[in-house]
Amino acid sequence: MKDKLIYILLTLASVITYGQVNLSLDADKTEYGGKDIVNLTIVLELNGSDLVQQTGFQLPDLSKFNIIGSGSVTNTVIDPATNTLITQKVSRIALEPKKKGKIKIGSVLVTVNNKIYKTEPFDVNIRDIVDKRSLASNTSNEVYLNMEIEDRDVYQDQPTIAVLKVYSRNMDNLRKVKNIRLPQQDNINVHPINFNKSEIDPSDNGNMASQVLAMFMVFPNEAGYVEVPGVSASVSTYSNKNKIVSNKVKINVRKLPEGAPEGFRNAVGSFNVSVYNITKEKPEAKKPLNVVVKVSGEGNLPDLILPKIVASPDYEVFAPKMTSKVSPGTSGMKGEILANYVVIPNKSGAISIKTEPFAFFDPENKEYVDAGQKVLDVNALSHDQVLESRSTVEKVNEYTNNLLETVDTPVLKTTSFKVKEKSKFHWSILLTNIVILLGLFVVYLLFKTWQKKTYIS
């Protein structure tokens with residue numbers, strides 16, 4: 001009897017929750033100054049695939065306000081617990097009050113499946129009203145941020161792309177938005193794609209002008225419903241600097257399938273693993289080697305846990321130095337991450353340097369890929385074997401280097417010769433040059449006179 005009662009209660013609960021319609025109308029606050037803008041938010045949530053919205057939002061009487069801007073967005077997700085389709089439509093209206101005092105905002109109406117739903121009316125209080133010129137100057141500075149995420153149904157650690165847009169009635173205000181701060185939260189990892197501003201989309205039919213400010217990737221690291229916090233920015237003018245914040249977005253994060261391989265930790269995407277030795281000298285016992293473990297591919301590359309080199313009595317391994325070359329791709333962050341280890345062989349002979357097993361989840365094919373354990377085989381030589389294996393040229397070079405380091409060679413002292421400048425001026429040389437020039441001039445005159453007489457005779 002108890003089991004039947006529990007079954008009946010669960011059935012009634014499912015009937016009550018299935019096909020639920022939620023409609024709400026809220027203002028950002030209840031009391032406003034004369035320079036404030038009244039922001040109304042309308043939210044319609046349909047829980048169930050059989051619910052159809054037959055009419056748009058029927059607004060109440062807003063004749064006591066000037067409508068200065070509006071916008072809407074529709075989100076659709078599937079509740080993984082109940083497998084129910086949830087459709088959410090959010091509309092925002094920016095109002096400019098015309099008079100002071102208490103103003104009643106009526107109900108919003110909408111028809112769903114031939115049934116009319118409405119919100120409860122409420123009052124807002126306008127303390128005072130400034131003159132139109134001051135009001136126009138203030139409202140022209142109104143700027144709004146909106147974060148859009150198209151794919152709201154992803155796997156854990158799978159990226160989804162977010163686009164940040166700015167809206168304003170005055171296109172000049174779009175250029176004043178600066179200092180964009182992407183959201184930060186423990187259950188998400190955020191990586192920017194670019195901060196390139198798009199061309200300004202001018203206002204159409206009284207709506208606000210808009211511009212794309214940034215694009216970034218969001219990697220949720222836990223399953224369930226995850227709310228991405230708003231993006232903040234500042235609007236700088238000559239008189240002050242105001243902070244603005246975008247809307248929040250909720251995404252549905254699916255849990256990764258069961259049956260993950262042993263080496264799986266948090267890698268989601270498509271990756272390759274390799275291990276190699278970059279030391280130029282021949283491996284020698286008790287001498288350090290530089291061993292690199294490289295993971296390349298595309299996915300949650302900056303945030304994944306790299307496979308480490310497994311400890312062994314055959315060698316000693318030290319903490320690695322990490323380097324990365326990562327850039328945005330089409331399905332995640334792509335590039336490579338290098339872990340440079342210092343490994344010292346403890347003995348001579350064949351040594352196998354092994355990494356931990358590595359596996360990743362491929363969201364495109366919805367399956368796990370086991371990359372296995374990577375092995376680097378090294379033949380470590382003893383010191384005598386290294387000496388014997390050297391060529392004649394290497395031995396001569398080593399002997400020469402040892403000779404230069406141990407034998408003192410004479411140093412030739414060189415002296416630089418400089419021409420000393422004469423500080424005394426010789427007047428006799430100057431007079432001799434003048435006399436020579438005058439003598440040459442007299443000889444020239446005598447020659448011209450003789451030539452003239454000869455021509456006349």
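**Exercise 1.** Work out how β14 and strand β15 are joined, and which way they run.

*Solution.* Start with the ranges: β14 covers 188-194 and β15 covers residues 209-220. Strands here are DSSP runs of E with at least two residues, numbered from the N terminus. Next, look at the bridges: six of them join β14 to β15, and the two run antiparallel. For one bridge, take N194, whose partner in β15 is M215. Two strands count as paired if DSSP finds at least two bridges between them.

A word on the model: it is predicted, so local features need pLDDT of at least 70 and side-chain atom pairs 80 or more, while totals for chains, interfaces and linings use all residues. Residues are numbered from 1 along each chain as its sequence is written, and side-chain values use heavy atoms, leaving out hydrogens and water.

**Exercise 2.** Place β14 in its sheet and find the edge strands.

*Solution.* First, write down the order: β10-β12-β15-β14, an open sheet of four strands with antiparallel pairing. Then check the ends: β10 and β14 each pair on one side only, which makes them the edge strands.

**Exercise 3.** Find Q184 and decide: is Q184 buried or exposed?

*Solution.* Go to the loop between β13 (177-181) and β14; Q184 lies there. Now check its relative accessible area, which is 75%. Buried means under 20%, exposed over 50%, and partly exposed in between (1.4 Å probe, protein chains only). So Q184 is exposed. Finally, look across to G230: it sits 46 residues apart from Q184 along the chain, with 9.2 Å between their C-alpha atoms.
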